[in-house]
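Please find below a colleague's note on the model, arranged as numbered points. The metal site comes before the backbone and side-chain details.

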Amino acid sequence: MNHAAQPVLDALRAARPETVATLSDLIRIPSVGGSAAESEIVHHVAARLRAEGVEIDLWPIPVAELAARPDFPGMEVHRDEAWGLVARLPGSDPGAPSLMFNGHLDVVPPGQPATWSIDPWSGEVRDGHAYGRGACDMKGGFVAALQAFLALHRTGTRPRGDLLLAAVVGEEDGGLGTYATLERGWRADACVITEPTALDVLAANGGALTFRLRVPGLAAHACARTSGVSAVEKFQLIFPVLRALEASRNRAVDPMMRRWDIAYPLEIGTVRAGDWASTVPDLLVAEGRFGVALDEPVDSARAEFESTVAQACAADPWLKEHPVTVEWWGGQFASGRCPAGSDLVQRVVSTHAAVHGGAEPAVVGAPYGSDLRLLTAAGIPAVQYGPGVGYGHCPDERVSLDQVHACAETLVHLALPE
Ligand SMILES: [Zn+2]
């Protein structure tokens, strides 16, 4: 172990109450994607870093300009503004490899308040956990990275290569923040995204493509319904075909994805049809997400989906003449994986094991998309390693504080290799 790590760990441990308070503070800022608070939280973090004398790059993201680019990763909420933030701790050796910690500060909406036992924006601490929307996904992980970074900075400890802390927005609906950070020119030789993994090492993500189906029908008075065509009935022809497509795409999956019952899920999340209770519905609009396999190009995934829908339409007299249309909109997450040639996975695994003892963390893939694919596509080996798991996007979201502290200690050691 690098002897320079000890004073940093001492500072980190002494700052544990501050770590918890910082996490609660961040949870209390309701930084739902597209809200004013999404920008507010970036400025809040930037002000903290600036007050500590940390070198930061805080810039307004040219949202409209980036959104018009062909490789833009998608966006599902309206944004008039968004901010990028990167903090930098300069390394002692300009030629040494740099490391980035990456974490998103946006969260999804809390859902129905009645489903929560506490205020989703309380940041309450109870039974060793911090509670609230975003506690797990992923303000807990962000704070672990922030506190590791600050402990290095405060003790005047310089890693050999630059250490970057990227605070990003828009992750939940596509990846605007990380995309903008890369467009800004920020690069590193490796990146740890502190998304919740329960301190396992997540080295690959399936992708997820948001789609919209428009199923046509023919309106008629419901009292003479046989003179119309119900778009709802026509959708009933399509849905099982999509379930079958999902099954066929999950028959053989990469070994890293075998822990999931469905590695590449296809789900319809919203269905809207008709405009009047006693009218045969002439349109059904269904929106969903379509899982992309590891190493599968997005274009071929889309083509398989579209041809499956087209074949189902060809088998029905009405849909043959009035086919279902497929639109790709919103988040378009390609799959991604840490490149095989990188030693990053092994570095995180062995560092975690050396610091915390016990069994080595599992190396896994996950069925959801993340910013990992934007980083690996830019040539930056990336993994996810962070506190908490399974409680994102749900009521009573929480994160284990022990895991937040443990993650921060691993990150210090990663920044200070032998
Ligand atoms: Zn997340």
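1. Donors are taken as N, O and S atoms within 2.8 Å of the metal (3.2 Å for Na, K and Ca), and sites may look incomplete because water is not among the atoms. The model is predicted, so local features need pLDDT of at least 70 and side-chain atom pairs count only at pLDDT 80 or more, whereas totals for chains, interfaces and linings use all residues. Residues are numbered from 1 along each chain as its sequence is written, and side-chain values use heavy atoms, with hydrogens and water left out.

2. The zinc ion is coordinated by His104 through NE2, by Asp137 through OD and by Glu195 through two OE entries, at 1.9 to 2.5 Å. The donor residues follow the spacing H-x32-D-x57-E in sequence. Asp137 belongs to helix H5 and Glu195 to the loop between S7 and S8, so this pair ties together parts that are 58 residues apart in sequence. Helices (H or I, at least four residues) and strands (E, at least two) are DSSP runs numbered from the N terminus.

3. Which geometry does the site of the zinc ion have? The site is irregular, with angles of 55 to 147° among its four donor atoms. Four donors count as tetrahedral if all angles lie between 85 and 135 degrees; four count as square planar and six as octahedral if opposite donors are over 155 degrees apart and all others between 65 and 115; anything else is irregular.

4. Asp137 and Glu195 are both buried, where buried means under 20% relative accessible area, exposed over 50% and partly exposed in between (1.4 Å probe, protein chains only). Asp137 is also joined to Met138 by a cis peptide bond, with omega about -5°. Met138 lies in helix H5, residues 135–154.

5. Most residues other than glycine have a negative phi, and most peptide bonds are trans. Ala198 has a positive phi, near 55°, and sits in the loop between strand S7 (191–193) and strand S8 (201–205). Ala198 is partly exposed, at 29% relative accessible area. Asp396, which is not a glycine, has a positive phi of about 55°; its loop runs between strand S15 (382–384) and strand S16 (398–400).

6. Glu287, in strand S11 (residues 283–292), counts as buried because its relative accessibility is 13%. Its side chain makes a polar contact with the side chain of Arg212 at 2.8 Å. A polar contact is a pair of N or O atoms within 3.5 Å; within protein, one must be able to donate a hydrogen and the other to accept it, and residues adjacent in sequence count only if both atoms are side-chain atoms.
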